[in-house]
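Hello,

Here is the structure I said I would pass on. My notes on it follow below.

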Amino acid sequence: MSMMDKLKERINTLRLEAEAAQDKADDAQSKVKSLEQELLTKEQEISSLTHKNTLLEEEVEKLEGKLSEAKAAAEDGAAHGSANETLTRKINTLEEELEEADKNLRETTEKLRQTDVRAEQYERKVSTLEAECDSWEKKYEEMSGKYAQAQAELEEINKQLESM
């Protein structure tokens with residue numbers, strides 16, 4: 001095998017390695033973009049759940065206030081039989097609503113916590129993929145340099161062969 005064939009083979013090998021490195025870098029960049037979009041979606045979900053959580057906390061406070069008022073009114077109207085029954089039913093209804101709102105608040109808080117954990121995981125994945133992408137880009141640059149150097153060597157050898 002002549003020196004020219006060896007150089008051509010080496011150049012082809014370097015070209016293939018450079019193309020493979022570029023493909024991997026493109027894949028990593030694509031994964032980074034996908035995870036960044038997913039992270040944005042999760043952050044929006046966190047924001048939405050935080051808002052819902054705030055609204056539920058406000059509703060719980062209102063219901064607790066109404067419950068206190070109803071209990072106070074029930075105590076004041078203990079002498080009034082039918083009014084007392086009505087107030088007792090209202091208290092029971094408000095207590096049930098309070099329990100339901102409390103349950104919703106706990107569920108929303110748990111969903112918020114889980115979404116926050118997932119968002120942190122995605123942030124770590126994005127960081128890892130960005131580092132991997134940088135590594136592949138560096139390898140690609142090195143391979144491009146080697147390819148250019150091999151190409152220059154081949155051209156020099158061609159010139160030497162032509163001048164013979």
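Leaving aside residues up to four places away in sequence, Asn53 touches Leu105, Thr108, Thr109 and Leu112. Asn53 itself belongs to helix 1. Its relative accessibility is 10%, and because buried means under 20%, Asn53 counts as buried. Please keep in mind that this is a predicted model.

The overall layout is simple to state. The protein chain has two helices and zero strands. Helix 1 covers residues 3–76 and helix 2 covers residues 81–163. Along the principal axes, the C-alpha atoms fill a box of roughly 125 × 20 × 15 Å. The radius of gyration is 35 Å, where a compact globule of 164 residues would have one near 15 Å.

How much of the protein chain counts as buried? The figure is 25% of the 164 residues. The chain exposes about 11600 Å², and carbon and sulfur atoms supply 49% of that area.

Contacts across long stretches of sequence are also worth a look. If one takes the contacts between residues at least 6 apart in sequence, 90% of them join residues at least 24 apart. A separate example of two residues far apart along the chain is Gln151 and Leu7: they are 144 residues apart, and their C-alpha atoms are separated by 8.8 Å. Gln151 is in helix 2. With a relative accessible area of 26%, Gln151 is partly exposed.

Next, the charged side chains. A search of the whole structure gives four salt bridges, and three of them are described here.

- Glu95 and Lys71: the closest N and O atoms of this salt bridge are 4.0 Å apart. Glu95 lies in helix 2 and Lys71 in helix 1, so the pair ties together parts that are 24 residues apart in sequence. Glu95 is partly exposed at 29% relative accessibility, and Lys71 is partly exposed at 38%.

- Asp102 and Arg106: here the closest N and O atoms are 3.7 Å apart. The two residues are four residues apart in helix 2, which means that about one helical turn separates Asp102 from Arg106. Asp102 is partly exposed, with a relative accessible area of 32%. Arg106 has 51%, and it counts as exposed because the cut-off for exposed is over 50%.

- Arg113 and Glu110: the closest N and O atoms of this salt bridge are 2.6 Å apart. Arg113 and Glu110 are three residues apart in helix 2, so they too are separated by about one helical turn. Both partners are partly exposed, Arg113 at 45% relative accessibility and Glu110 at 32%.

Last, the aromatic rings. How many aromatic pairs does a search of the whole structure find? The count is zero. There is, however, a charge over a ring: Lys139 lies over the face of Trp136, at 4.6 Å from the ring centre.

If you want a place to start in the viewer, Asn53 and the residues it touches, including Leu105 and Leu112, would do. After that you could look at the salt bridge between Glu95 and Lys71, which ties helix 2 to helix 1.

Regards

Note on methods. Residues are numbered from 1 along each chain as its sequence is written. This is a predicted model: local features need pLDDT of at least 70, side-chain atom pairs count only at pLDDT 80 or more; totals for chains, interfaces and linings use all residues. Side-chain values use heavy atoms; hydrogens and water are left out. Buried means under 20% relative accessible area, exposed over 50%, partly exposed in between (1.4 Å probe, protein chains only). Rings of Phe, Tyr and Trp (its six-membered ring) pair if their centres lie within 6.5 Å; planes under 30 degrees apart count as stacked, over 60 as edge-to-face and the rest as tilted. A charge sits over a ring if NZ of Lys or CZ of Arg is within 6 Å of the ring centre and within 35 degrees of the ring normal. Contact means heavy atoms within 4.5 Å. The radius of gyration is taken over C-alpha atoms; the globule rule is 2.2 Å times the number of residues to the power 0.38. Accessible areas come from the Shrake-Rupley method with a 1.4 Å probe; for residues, only the protein chains shown count as cover.
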